[in-house]
Amino acid sequence: SAGPVFDAELRAELKPMFWEPTEEGIKAEIARQNGPLVDRLANRIAEGRDFLLFSFLLGGMLPVTLGLMLGGMVLYRTGLLRGEWPLTKTVPLAIVLLGAAWSLDLMQVAALKAADYDFDVYSLNHWKAALDGFLGGFGYCCLVSAIVGASARQSALAAVGRRACSNYIACTLSGTTLAVGHGFDLYAQVSLSSLMLVVVTTLIAMLVWSSAWLNRFRFGPLEWVWRSLLYGRRQPMRRGSIMV
């Protein structure tokens with residue numbers, strides 16, 4: 001394997017946190033997730049505080065996040081996120097970008113396997129994971145734009161996007177109910193294949209209920225709350241009602 005990236009003391013401190021948690025650490029995390037709701041909330045607040053301080057503010061995620069938000073605005077204004085780019089542009093871009101992102105993933109996995117999943121090799125190859133995130137994100141935007149652009153404007157996929165906030169919160173509540181202590185207590189008990197089944201089922205559910213909801217209402221429930229707060233008055237919810 002490669003030579004040490006960190007000095008021995010720092011390496012010993014970081015490895016359990018990022019790469020190889022101890023048996024005691026795994027048990028403690030499972031106990032936290034399966035414990036009382038109040039304790040989990042307190043733990044989440046502490047984790048959120050540490051994330052905001054060390055990763056978001058001090059770790060460089062703030063400028064990256066702002067850059068991605070600005071990039072998203074540009075892609076919306078230019079029509080990509082509205083499905084308005086031609087298929088002759090979005091399909092080749094999706095193929096190239098996703099191919100590059102998946103290739104970086106394969107390179108990272110191959111390097112880790114060759115080094116028997118050495119922590120230093122993981123650290124040296126971490127830039128690939130960061131880069132393939134940007135390439136893959138743009139590639140998936142092109143792919144979704146192509147799908148939306150090739151179908152009816154009120155497609156099921158477009159309906160999911162129009163209810164993005166409501167769907168996000170619903171997925172979070174569903175996942176935590178399945179996994180942690182206040183629900184079915186399945187944290188660390190579900191296989192990867194079972195998780196994939198949950199993901200596919202959730203996606204199908206979002207496609208179905210987003211379309212059904214928007215056939216009757218103008219907005220998703222949380223989108224309606226946000227819009228009403230933004231305009232300072234209650235917005236009409238049902239289709240056919242008069243907008244103010």
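Is Ala 188 buried or exposed? Ala 188 is exposed, because its relative accessible area is 53%, and a residue counts as exposed when that value is over 50%. This briefing describes a predicted model, in which the protein has 11 helices and zero strands. It begins with the protein as a whole and then turns to a helix pair, a pocket and a few single residues.

**The protein as a whole**

- Read from the N terminus on, the elements of the protein follow the order α-α-α-α-α-α-α-α-α-α-α, which fits the count of 11 helices and zero strands.
- Taken along the principal axes, the box filled by the C-alpha atoms of the protein is roughly 65 × 50 × 35 Å.
- The protein has 244 residues, and buried residues make up 23% of them, where buried stands for a relative accessible area under 20%.
- If one takes the contacts between residues at least 6 apart in sequence, 60% of these contacts join residues that are at least 24 apart.

**Helices H3 and H4**

- Helix H3, which covers residues 37-57, packs with helix H4, which covers residues 61-77, at an angle of about 75°, and their axes are 6 Å apart.
- H3 is therefore roughly perpendicular to H4, since angles from 65 to 115 degrees are placed in that class.
- From H3, the residues Phe 51, Ser 55, Phe 56 and Leu 57 take part in the contact, and they meet Met 61, Leu 62 and Thr 65 in H4.
- Sorted by kind, the residues of this contact of H3 with H4 comprise five nonpolar and two polar ones, with no charged residue.

**The second largest pocket**

- The second largest pocket has a volume of about 400 Å³, and 16 residues line this pocket.
- Of these lining residues, Gly 175, Leu 178, Ala 179, Leu 195 and Val 198 lie nearest the centre of the pocket.
- Two elements, helix H9 (164-179) and helix H10 (192-214), give two or more residues to the lining of the second largest pocket, and the largest share, six residues, comes from H9.
- The lining of the second largest pocket divides into 10 nonpolar and six polar residues, and no charged residue is found in it.

**Two residues with a positive phi**

- Ala 188, the residue of the opening question, lies in the loop between H9 and H10, and although Ala 188 is not a glycine, it has a positive phi of about 65°.
- Tyr 117 is placed in the loop between helix H5 (87-114) and helix H6 (119-124), and although Tyr 117 is not a glycine, its phi is positive, at about 55°.
- With a relative accessibility of 42%, Tyr 117 counts as partly exposed, because that class holds the values between buried, under 20%, and exposed, over 50%.

**Pro 16 and its surroundings**

- Pro 16 lies in helix H1, which covers residues 8-18, and Pro 16 counts as partly exposed because its relative accessibility is 31%.
- When its neighbours within four places in sequence are left aside, Pro 16 is in contact with Pro 21 and Thr 22.
- Pro 16 and Phe 119 are 103 residues apart in sequence, while in space the distance between them is 9.9 Å, C-alpha to C-alpha.

Conventions: Residues are numbered from 1 along each chain as its sequence is written. This is a predicted model: local features need pLDDT of at least 70, side-chain atom pairs count only at pLDDT 80 or more; totals for chains, interfaces and linings use all residues. Side-chain values use heavy atoms; hydrogens and water are left out. Axes are lines fitted to C-alpha atoms, for helices over the stretch in contact, and angles run from 0 to 180 degrees between N-to-C directions. Helices (H or I, at least four residues) and strands (E, at least two) are DSSP runs, numbered from the N terminus. Angles under 35 degrees count as roughly parallel, over 145 as roughly antiparallel, 65 to 115 as roughly perpendicular and the rest as oblique. Contact means heavy atoms within 4.5 Å. Ala, Val, Leu, Ile, Met, Phe, Trp, Tyr, Cys and Pro count as nonpolar, Asp, Glu, Lys and Arg as charged, and the others, Gly among them, as polar. Buried means under 20% relative accessible area, exposed over 50%, partly exposed in between (1.4 Å probe, protein chains only). On a 1 Å grid over the protein atoms alone, a cavity is a set of points where a 1.4 Å probe fits but cannot get out, and a pocket is an open set with protein on both sides within 12 Å along at least five of seven lines; lining residues have an atom within 4 Å of a point. Grid points are joined across faces, edges and corners, and a volume is the space filled by probe spheres set on the points.
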